[in-house]
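Good morning, and thank you for making the time. I would like to take you through one structure, beginning with its strands and ending with its loops.

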Amino acid sequence: MNTTTTSIPDPKKVGMVSLGCPKALVDSERILTRLRADGYAMSPDYAGADIVLVNTCGFLDSAKEESLQAIGEAIAENGRVIVTGCMGEEADAIRAAHPQVLAVTGAHQYEQVVEAVHTHAPPSQGPYVDLIPQPDLADIKLTPRHYGYLKISEGCNHSCAFCIIPQLRGKLASRRIDAVLREAEKLVAAGTKELLVISQDTSAYGVDTRHEAREWKGPQDSEKRLVRAHMTDLARELGQLRTDQGTPPWVRLHYVYPYPHVDQVIPLMAEGLLTPYLDIPFQHAAPAVLKRMKRPANEAKVLERLKRWREICPDIAVRSSFVVGFPGETEEDFEYLLEWLEDAQLDRVGGFRFEPVEGAAANALPDPVPAEVIEERYARLMEVTERISTAKLAAKVGRTLPVIIDEVGEPDEDGDIGATGRSQADAPEIDGQVFLRNVPASLSPGDIVDVAIEDADAHDLFGVPEEKA
């Protein structure tokens, strides 16, 4: 009897280059999750990919240039490239630079991206496989297992003069509160120890839906109740989640505009339900600059609120970013910013040189600041913020702090094992680190351990795990 063997073809493989902010990284995760459910495999390199996706950033001209370079590299290494993301709104510019791209889609256009992949790398593995239901696969994460980004909304209702985010991503569109909480619950159940809440404006969550309430039954609840799509309700509910050790996950709030209701989440930090950390995009402090930026100018009231927040939760860490050299910024404006920073004593500060963005209203403003003046002010800003950071970190020497482990090293010649982690004042990728010595061999990424802080520099802490009694 003759027998024939039908070989099942290997699944098509997709490579991904993800650029830009954490919100874009979440977009990349969602796209790859959809594609894997459709039968695609993921490729870690260009050579093994049947098609490559480049998720671009289009916020600044320098980011656009980086995106075009990444597209060019993908074309050179693989040749079959689909472009998506924020710069996808400028399809003509992308095709002018790289006419070989197969398709271009805009930000968070998941369906169009998947359709383009289906068109240029059809997923069919043959009738023997396509008849088999796909398994219930977990979402793909591009971050380590122990932390994950939780995106609660798209877009933004602000009209800041230097920003084109509303043009790229549209007006605020909040996710349903029950969908956000369900995703958070799944992440924690899968081993996530730290949730990083992100959006363009976390404080505005639910404004567009009039803070629509949905039924929700959390893991600690016996019956369902109504929960609003509102930042304070969301924060309170996330604080009720528990890891497999029975402890609350670290919940870190990013992109928080200092609206009055932000005051309500500080007690949750003091109770240990939220990580005592706020990422607030102040951008400047001088009233005249804030007015030209089309941003709220309540810098004095913010100082008062910072003082109250620290009275309620002494360990709260506040990070922010500031733009120097905005059109019309005078030396007096800049000195005002430096004095404000001395008063505010922020824990983490990022500085950015003003850069014109195509389509931004700021480009039409008079009195541009010369490049050499921008550089000089940027250096002075970094000097002041580094001095403040050095003093604040030095004050932590001698304390014992909880640290989440990101990486564990190999034993050195003396058998000592080192590790790298972060305190509650440190978000991944953007803040400082805690470098540990003499850690136990059993330590793993995601573990949260008490660390005796022995030393500090301008950005990082150094310590050793406390021995348990």
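**The barrel, the helix and the salt bridges**

Three bridges join strand S17 to strand S18, and the two run antiparallel. Before going on, I should state that this is a predicted model, in which local features need pLDDT of at least 70, side-chain atom pairs count only at pLDDT 80 or more, and totals for chains, interfaces and linings use all residues. Residues are numbered from 1 along each chain as its sequence is written, and side-chain values use heavy atoms, with hydrogens and water left out. Helices (H or I, at least four residues) and strands (E, at least two) are DSSP runs, numbered from the N terminus, and two strands pair if DSSP finds at least two bridges between them.

Within the S17 and S18 pairing, glycine 421 has valine 434 in S18 as its bridge partner. On the S16 side, glycine 421 of S17 stands opposite isoleucine 405; S16 and S17 are antiparallel and joined by five bridges. What do these strands belong to? They are part of a closed barrel of five strands, in the order S16-S17-S18-S20-S19, with mixed pairing. Direction ignored, neighbouring strands of this sheet are turned by 50° against each other on average; the axes behind such angles are lines fitted to C-alpha atoms. S16, residues 400-408, also runs antiparallel to S19, residues 448-456, with five bridges joining them. Here valine 403 is opposite valine 449 in S19.

Let me stay with S17 for a moment. Five of its five residues are buried, where buried means under 20% relative accessible area, exposed over 50% and partly exposed in between, with a 1.4 Å probe and protein chains only. In a regular strand the side chains alternate between the two faces of the sheet. In S17, Ala419, Gly421 and Ser423 point one way, while Thr420 and Arg422 point the other way.

Arginine 422 brings us to the salt bridges, of which the structure holds 27. The term denotes a side-chain nitrogen of Lys or Arg within 4 Å of a carboxyl oxygen of Asp or Glu. Arginine 422 meets aspartate 406 at 2.8 Å, N to O. This pair connects S17 with S16, across 16 residues of sequence. Arginine 422 is buried at 2% relative accessible area, whereas aspartate 406, at 21%, counts as partly exposed.

A further salt bridge joins arginine 348 and aspartate 426, at 2.4 Å from N to O. Arginine 348 is in strand S15 and aspartate 426 in the loop between S17 and S18, 78 residues apart. Are these two residues buried or exposed? Arginine 348 is buried, at 9%, and aspartate 426 is buried as well, at 1%.

Turning to helix H13, residues 371-394, its 24 residues should span 34 Å at 1.5 Å a residue, and its end C-alpha atoms are indeed 34 Å apart. The expected span is 1.5 Å times one less than the number of residues. Among the buried residues of H13 are Ile374, Tyr378, Leu381, Val384 and Ile388. The elements that cover its buried residues include strand S14, helix H12, S15, S19 and strand S20.

Arginine 387 forms a salt bridge with glutamate 342, with the closest N and O atoms 2.5 Å apart. Because arginine 387 lies in H13 and glutamate 342 in H12, the pair ties together parts that are 45 residues apart in sequence. Both ends are partly exposed: arginine 387 at 46% and glutamate 342 at 31%. Elsewhere, Glu329, Glu331, Glu335, Glu376, Arg377 and Arg380 are linked in a network of salt bridges.

Next, the nonpolar cores, each a set of buried Ala, Val, Leu, Ile, Met, Phe, Trp, Tyr and Cys residues joined through side-chain atoms within 4.5 Å. The largest has 54 residues, and Leu234, Leu238, Val265, Leu278, Trp340 and Leu346 touch the most other members. A second, separate core of 16 residues includes Leu19, Met87, Ile94 and Val101.

Finally, two loop residues. Aspartate 367, in the loop between S15 and H13, has a positive phi near 60° and is exposed at 55%. Asparagine 438, in the loop between S18 and S19, has a positive phi near 55° and is partly exposed at 47%. Neither value belongs to a glycine. Thank you.

Terms used:
Axes fitted to C-alpha atoms, helices over the stretch in contact; angles between N-to-C directions. Contact = heavy atoms within 4.5 Å.
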